[in-house]
Amino acid sequence: MYGPDPADTHPMQGFPQVCFIKNTVTNPNIIIGDFTYYDDPEDSQNFERNVLYHFPFIGDKLIIGKFCAIAKGVQFIMNGANHKIDGFSTFPFYIFGNGWEKSMPQPGELPYKGDTVIGNDVWIGYQAMIMPGVKIGNGAIISTRSVVTSDVPPYTVVGGNPARVIKKRFTDDIILALEKLAWWDWPVEQITRKLTAITSANIKALLDE
């Protein structure tokens with residue numbers, strides 16, 4: 001066999017705080033790619049507790065690609081956190097009933113940003129917060145305690161509150177080549193053969209057969 005088993009739901013041997021999470025989530029609206037892990041010494045198998053305000057009746061999805069590294073305390077705020085903001089009060093009176101349910105927002109009245117989509121090979125640092133509907137490109141890095149309120153381009157480092165671009169990781173030509181190559185979709189045997197090139201910054205070595 002080449003590499004670890006992506007279907008393993010147990011903490012990694014020697015790294016008890018790390019767990020592949022694809023097969024630990026039960027919510028059908030949370031979709032996780034192979035080899036993506038959550039690092040949390042308290043309970044790495046309970047990733048779903050970090051996906052907040054994710055109500056089934058809204059239907060939004062959290063989609064995370066392959067080979068992502070997610071640090072402890074990362075939180076994904078979903079569309080259920082939104083309140084109606086075009087009236088004088090943002091208070092959700094309707095959830096308390098007793099006559100207040102008549103103020104229930106109509107379809108389309110609550111802000112809706114769509115699915116939250118994280119690309120492949122994304123590193124999300126400790127206690128970062130990803131807001132509803134954000135799209136994060138392949139190879140991006142989200143710095144510790146960042147609050148990501150807008151889309152992040154591929155292979156870009158962002159940080160702060162709200163998160164701003166710190167730098168591109170590589171030149172535009174290399175980023176384009178990496179996006180086209182999509183090594184994360186290779187068979188695991190090919191990834192194993194090319195591991196040195198993948199973990200280096202030598203694009204020629206990665207492209208050479």
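1. A word to start with: a residue is called buried when its relative accessible area is under 20%, exposed when that area is over 50%, and partly exposed in between. Tryptophan 100 has 43% relative accessibility, so it counts as partly exposed. Please keep in mind as you read that this is a predicted model.

2. Let us stay with tryptophan 100 for a moment. Which residue does tryptophan 100 pair with in an edge-to-face way? The partner is phenylalanine 93, with 5.2 Å from centre to centre and 85 degrees between the planes. Phenylalanine 93 has 32% relative accessibility and therefore counts as partly exposed. Both rings also belong to a nonpolar surface patch of about 520 Å², made by Phe91, Phe93, Ile95, Phe96 and Trp100. Of these, phenylalanine 96 sits in the loop between strand 7 and strand 8 (116–118), and it is partly exposed, at 47% relative accessible area.

3. Now for the aromatic pairs as a group. A pair of aromatic rings is described by the distance of the centres and the angle of the planes. There are 11 aromatic pairs in the structure. One of them joins phenylalanine 67 and tryptophan 183: the centres are 5.0 Å apart and the planes stand at 55 degrees, so this pair is tilted. The two residues are 116 apart in the chain, with phenylalanine 67 in the loop between strand 5 (62–64) and strand 6 (69–70), and tryptophan 183 in the loop between helix 1 (172–181) and helix 2 (188–193).

4. Is each of these two rings buried or partly exposed? Tryptophan 183 is buried, at 7% relative accessibility, whereas phenylalanine 67 is partly exposed, at 22%. Ring pairs also join both residues to others, giving a cluster of Phe20, Phe35, Phe67, Trp183 and Trp184.

5. Phenylalanine 35, a member of that cluster, deserves a second look. Its phi is positive, about 70 degrees, although the residue is not a glycine. Phenylalanine 35 lies in the loop between strand 2 and strand 3, and with 13% relative accessibility it counts as buried.

6. Tyrosine 155 is another residue other than glycine with a positive phi, here near 50 degrees. You will find tyrosine 155 in the loop between strand 13 (147–148) and strand 14, where it is buried with a relative accessible area of 2%. While you are looking at the backbone, check the peptide bond from asparagine 161 to proline 162: it is cis, with omega near -5 degrees. Proline 162 lies in the loop between strand 14 (156–159) and strand 15 (164–168).

7. Next come the charged side chains. How many salt bridges does a search of the whole structure find? The search finds seven. In one of them, lysine 22 meets aspartate 34, and the closest N and O atoms are 2.8 Å apart. Lysine 22 is in the loop between strand 1 (18–20) and strand 2 (30–32), while aspartate 34 is in the loop between strand 2 and strand 3 (37–39), so the bridge ties together parts that are 12 residues apart in sequence. Lysine 22 is partly exposed, at 35%, and aspartate 34 is partly exposed, at 23%.

8. Another salt bridge runs between lysine 72 and glutamate 42, with 3.1 Å between the closest N and O atoms. It links distant parts of the chain, 30 residues apart: lysine 72 is in the loop between strand 6 and strand 7 (75–77), and glutamate 42 in the loop between strand 3 and strand 4 (51–52). Glutamate 42 is exposed, with a relative accessible area of 60%, whereas lysine 72 is partly exposed, at 27%.

9. Finally, turn to the interior. In soluble globular proteins, nonpolar side chains tend to be buried together. The largest nonpolar core here has 27 residues, and Phe47 and Phe76 touch the most other members. Strand 2 and strand 5 each give this core at least two residues. A separate core of 11 residues includes Trp183, Trp184, Trp186 and Ile191.

10. Phenylalanine 76 has contacts farther along the sequence than four places, including Phe47, Leu62, Ile64, Thr116 and Ile130. What about threonine 116 itself, in strand 8? Threonine 116 is buried, at 1% relative accessibility, and beyond four places in sequence it is in contact with residues including Lys61, Phe76, Met78 and Val134.

Key
Residues are numbered from 1 along each chain as its sequence is written. This is a predicted model: local features need pLDDT of at least 70, side-chain atom pairs count only at pLDDT 80 or more; totals for chains, interfaces and linings use all residues. Side-chain values use heavy atoms; hydrogens and water are left out. Rings of Phe, Tyr and Trp (its six-membered ring) pair if their centres lie within 6.5 Å; planes under 30 degrees apart count as stacked, over 60 as edge-to-face and the rest as tilted. Helices (H or I, at least four residues) and strands (E, at least two) are DSSP runs, numbered from the N terminus. Buried means under 20% relative accessible area, exposed over 50%, partly exposed in between (1.4 Å probe, protein chains only). A salt bridge is a side-chain nitrogen of Lys or Arg within 4 Å of a carboxyl oxygen of Asp or Glu. Patches are made of residues with over 30% relative accessible area and no salt bridge: like charges are joined within 9 Å, nonpolar side chains (Val, Leu, Ile, Met, Phe, Trp, Tyr) within 5 Å. Accessible areas come from the Shrake-Rupley method with a 1.4 Å probe; for residues, only the protein chains shown count as cover. A nonpolar core is a set of buried Ala, Val, Leu, Ile, Met, Phe, Trp, Tyr and Cys residues joined through side-chain atoms within 4.5 Å. Contact means heavy atoms within 4.5 Å.
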